[in-house]
Amino acid sequence: MAIPEMQPVESSCVAKIGYDAAAKEAYVKFLGGGLYAYRDVPAHVFDDFANADSKGTFVNTVIKPRYSVRKIGPAG
């Protein structure tokens with residue numbers, strides 16, 4: 001499966017985000033970390049993430065605790 005187009009974001013810990021609507025996967029590329037896909041994320045949750053004032057807080061308090069994850073690759 002191809003990685004969706006990733007958009008750069010203003011964040012102290014998140015570099016880019018993307019969403020695969022067909023697979024309902026949210027992609028997060030962390031600064032100094034890796035690229036991860038969070039499974040079964042509804043579109044409205046990803047939209048909230050994309051519009052959150054703090055991407056790091058949102059991913060840590062909403063996405064990580066609720067959705068399973070797979071590592072795609074290293075940051076780069």
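This passage looks at the aromatic ring pairs and at one buried acidic residue in a predicted model.

A search of the whole structure turns up four aromatic pairs. One of them joins Tyr19 and Phe46, whose rings are stacked, with 5.0 Å from centre to centre and 20° between the planes. The partners come from distant parts of the chain: Tyr19 sits in strand E2 and Phe46 in helix H1 (residues 43-51), with their positions 27 residues apart in the numbering. Both Tyr19 and Phe46 are buried. The pairing also extends beyond these two rings, as Tyr19, Phe46, Phe49 and Phe58 are linked by ring pairs into a cluster.

A further pair brings together Phe30 and Tyr36. Here the ring centres are 5.8 Å apart and the planes meet at 70°, so this pair counts as edge-to-face, the cut-off for that class being over 60 degrees. Phe30 has a relative accessible area of 12% and is therefore buried, whereas Tyr36, at 23%, counts as partly exposed; the boundary for buried is under 20%.

Strand E2 (residues 14-20) also holds Asp20, and this residue invites a closer look. Asp20 is buried, yet it has no salt bridge. The nearest side chain of opposite charge belongs to Arg70, 6.9 Å away, while a salt bridge would call for a separation within 4 Å. What lies 3.1 Å from a polar atom of the Asp20 side chain? It is the backbone nitrogen of Ala22.

Conventions:
Residues are numbered from 1 along each chain as its sequence is written. This is a predicted model: local features need pLDDT of at least 70, side-chain atom pairs count only at pLDDT 80 or more; totals for chains, interfaces and linings use all residues. Side-chain values use heavy atoms; hydrogens and water are left out. Helices (H or I, at least four residues) and strands (E, at least two) are DSSP runs, numbered from the N terminus. Buried means under 20% relative accessible area, exposed over 50%, partly exposed in between (1.4 Å probe, protein chains only). Lys and Arg count as positive and Asp and Glu as negative; His and the chain ends are not counted. A polar contact is a pair of N or O atoms within 3.5 Å; within protein, one must be able to donate a hydrogen and the other to accept it, and residues adjacent in sequence count only if both atoms are side-chain atoms. Rings of Phe, Tyr and Trp (its six-membered ring) pair if their centres lie within 6.5 Å; planes under 30 degrees apart count as stacked, over 60 as edge-to-face and the rest as tilted.
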